[in-house]
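Reader: I'd like to know what's behind the labels people put on a model like this one. Can you take me through them?

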Amino acid sequence: MRIADTADLWYKNAVVYCLDVATFLDSDGDGVGDFAGLTQRVDYLAEVGVTCLWLMPFYPSPRLDDGYDVQDMYGVDQRYGDHGDVVEFIRVAHDRGIRVIIDLVINHTSERHPWFRRSRSSRDSPYRDFYVWRSDTPPDTSDQTMFPDVEDGIWSYDEKTGEHYLHHFFSHQPDLNTANPQVREAIERTMGFWLQMGVDGFRVDAVPFALNENTIGLREHRDFEEPHDYLRSLRGFLQRRSSGNGAGIMLGEVNLPHAEQVDFFGGEAGDQLTMQFDFLTNQKTFLAMARQDARPIAEALRARPRGLPETCQYANFLRNHDELTLDLLSDSEREEIFAEFGPEEEMQLFGRGLKRRLPPMVDGDPRRLKMAYSLLFALPGTPVMFYGEEIGMGERLDLEGRAAVRTPMQWSAEKNGGFSAARPSRLPRPLVEGPYGPEHVNAAAARRDEDSLLQHVTRLCQRYRESPELGWGEVEVIEQPHHQVLVHRMTWRGSTMVLLHNLAPEPALVGFELDDLEEGAELVDLLQPGTCTLDASGHTEIGLDAYGHRWLRVRREGDARLV
């Protein structure tokens, strides 16, 4: 194994951290987070072990969808600063060894975007074809909208021009016509601009909708052989324009089963998305936690496609900035999770997910939280965290929709959780209250508590970065007798790790075999003192506490890594 090889595809063992500039840190006291505040906290993020920051949209926007309703793809919302502030932040982040990716919204714009205003000004507008219109009355599409509690379909009538426009999300977010070469060129120019500003890639929003048959099919395909050529063209542009010999990435939001995700990687060619979130494994993980039975996770890992190009990577997460969507599960499986983690109606969203953060879901049990984050970092792929996860922030269920988990970062027990010196009424959203409020949960206190979740996550980041087997290796689920325990093995270029996680509140003595290793092979625990050895049949036993977890590396002669 050559550690040097891991620097070639940096994203394969990165630690990704998602944040919203508006809710991270306010530096000027106006009540809104800004780039100057974010820059002040880069050292905190580096200390935790973050190596890649994903910034949610900071562009000018009406913010009817938290910035994903983009009004100007080249701009910076003046409340957060200006382009100079962005450049300074990126420079500081790079100096601390942190790459920066930003949201690229290719499916839709705000209805206030100049393109759409011109598009709806006349049927003869040169911008008409930037969006998808139809003159006939659309059929019932209530089953196709992303927000069934808000929208009754994916077409809205425009009184001025007498036609309907397409919107898979909110009606104030009209879908772009990605079959139009001018639209594709405009998106490429946006990418080129931000790459020139220094970003290291993009988190690509709602990818399947940009390739949806309504978006592509209602217009002539033009130079498309098939819709995925659009992704190929974006990936090709990224590789031409990004610095560092093609180091830029596209991390795609593709909430589909594994078999369908293969096409979005580009199949054997691997020439489309660089990375994709593994929504199926995420949802199966919560099913496993609800049941206290690890078999759904094992099922998801076995279902992952094999033989993908080395450049492709899955991104793992527990929670993100949206609801905890459960739409890839059966109705009965979804109800199991609702019953365990969100039984009240105010905890649920859109009939398919939960508007909750993880700590309140598990009643703040530190054992269960630490096990869950150990599992996140131990799964094959790249871990992605949402701001505040590392300290155990909770949610505000009285806030509408996804805003429940997008409250200001809790830095200290001081006024407004140390987020801002402004009056509370000027904050983007009110802070969490009760047992998860900043007087009980904050970064300053967690840094001084050796047993805190923050310290645990920091250790996980360190060990993960020292273990390329996790980001690069092949996964094998190891059979053993306890349904509540997941044991999986990660192997890369002859180096092996065995990861054990107990999803139940009862201890377990776990026996398993590694029959391809020699007798006496030593397994060294990376998270706590201890070792074990294999007997003549390659068998060993490991004790796991309630919600226990162990990371074991097979010690190999010639491996220069410290253990």
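Author: Let's start with the largest pocket, whose lining splits into 13 nonpolar, 8 polar and 11 charged residues. This is a predicted model, in which local features need pLDDT of at least 70 and side-chain atom pairs pLDDT 80 or more, while totals for chains, interfaces and linings use all residues. Residues are numbered from 1 along each chain as its sequence is written, and side-chain values use heavy atoms, without hydrogens or water.

Reader: What makes a residue nonpolar, polar or charged here?

Author: Ala, Val, Leu, Ile, Met, Phe, Trp, Tyr, Cys and Pro are nonpolar, Asp, Glu, Lys and Arg are charged, and the others, Gly among them, are polar. Among the 32 lining residues of the largest pocket, the closest to its centre are Met146, Phe169, Phe209, Asn255 and Asp327. By that rule Met146 and Phe169 are nonpolar, Asn255 is polar and Asp327 is charged.

Reader: Why is one space called a pocket and another a cavity?

Author: Both come from a 1 Å grid over the protein atoms alone: a 1.4 Å probe fits in a cavity but cannot get out, whereas a pocket is an open set with protein on both sides within 12 Å along at least five of seven lines. Lining residues have an atom within 4 Å of a point. The largest pocket holds about 700 Å³, and the second largest pocket about 550 Å³. Of the 24 residues lining the second one, Leu64, Glu400, Gly401, Arg402 and Ala403 are the closest to its centre. That lining has 12 nonpolar, 2 polar and 10 charged residues.

Reader: And how many cavities does a search of the whole structure find?

Author: There are 5 of 30 Å³ or more. The largest has a volume of about 60 Å³, a volume being the space filled by probe spheres set on grid points joined across faces, edges and corners. Its lining is Asp278, Thr281, Asn282, Thr285, Asn316, Phe317, Leu318, Leu375, Leu376 and Leu379. Helix 11 (279–291), strand 10 (313–317) and helix 15 (366–378) each give two or more residues to it. Helix 11 gives the most, with 3 residues.

Reader: How do you know which residue is the 1 charged one in that lining?

Author: Asp counts as charged, so Asp278 fills that slot, next to 5 nonpolar and 4 polar residues.

The second largest cavity, about 40 Å³, is lined by Tyr59, Val70, Met73, Asp103, Leu104, Val105 and Thr190. Strand 3 (residues 99–105) gives the most there, with 3 residues.

Reader: What makes something a numbered helix or strand?

Author: They're DSSP runs numbered from the N terminus: H or I over at least four residues for a helix, E over at least two for a strand. Helix 12 covers residues 295–303, so the label fits.

Reader: Which way does helix 11 run against helix 12, roughly parallel or roughly antiparallel?

Author: Two packed helices are described by the angle between their axes and the distance between the axes. The axes of helix 11 and helix 12 come within 7 Å and cross at roughly 160 degrees. That makes the pair roughly antiparallel. Axes are lines fitted to C-alpha atoms, for helices over the stretch in contact, with angles from 0 to 180 degrees between N-to-C directions. Under 35 degrees is roughly parallel, over 145 roughly antiparallel, 65 to 115 roughly perpendicular, and the rest oblique.

Reader: What about helix 15 and helix 17 (residues 453–465)?

Author: Their axes come within 10 Å and cross at roughly 20 degrees. That value is under the parallel cut-off, so helix 15 is roughly parallel to helix 17. Leu369, Lys370, Tyr373, Ser374 and Phe377 in helix 15 meet Leu453, His456, Val457, Leu460, Cys461 and Tyr464 in helix 17, contact meaning heavy atoms within 4.5 Å. These residues divide into 8 nonpolar, 2 polar and 1 charged.

Reader: Why is helix 11 called oblique to helix 13?

Author: The axes of helix 11 and helix 13 (residues 331–341) come within 9 Å and cross at roughly 60 degrees. That angle falls in none of the named ranges, so oblique is what's left. Residues meeting there include Lys284 and Arg291 in helix 11 and Glu333, Glu336 and Glu340 in helix 13. The whole contact has 6 nonpolar, 1 polar and 5 charged residues.
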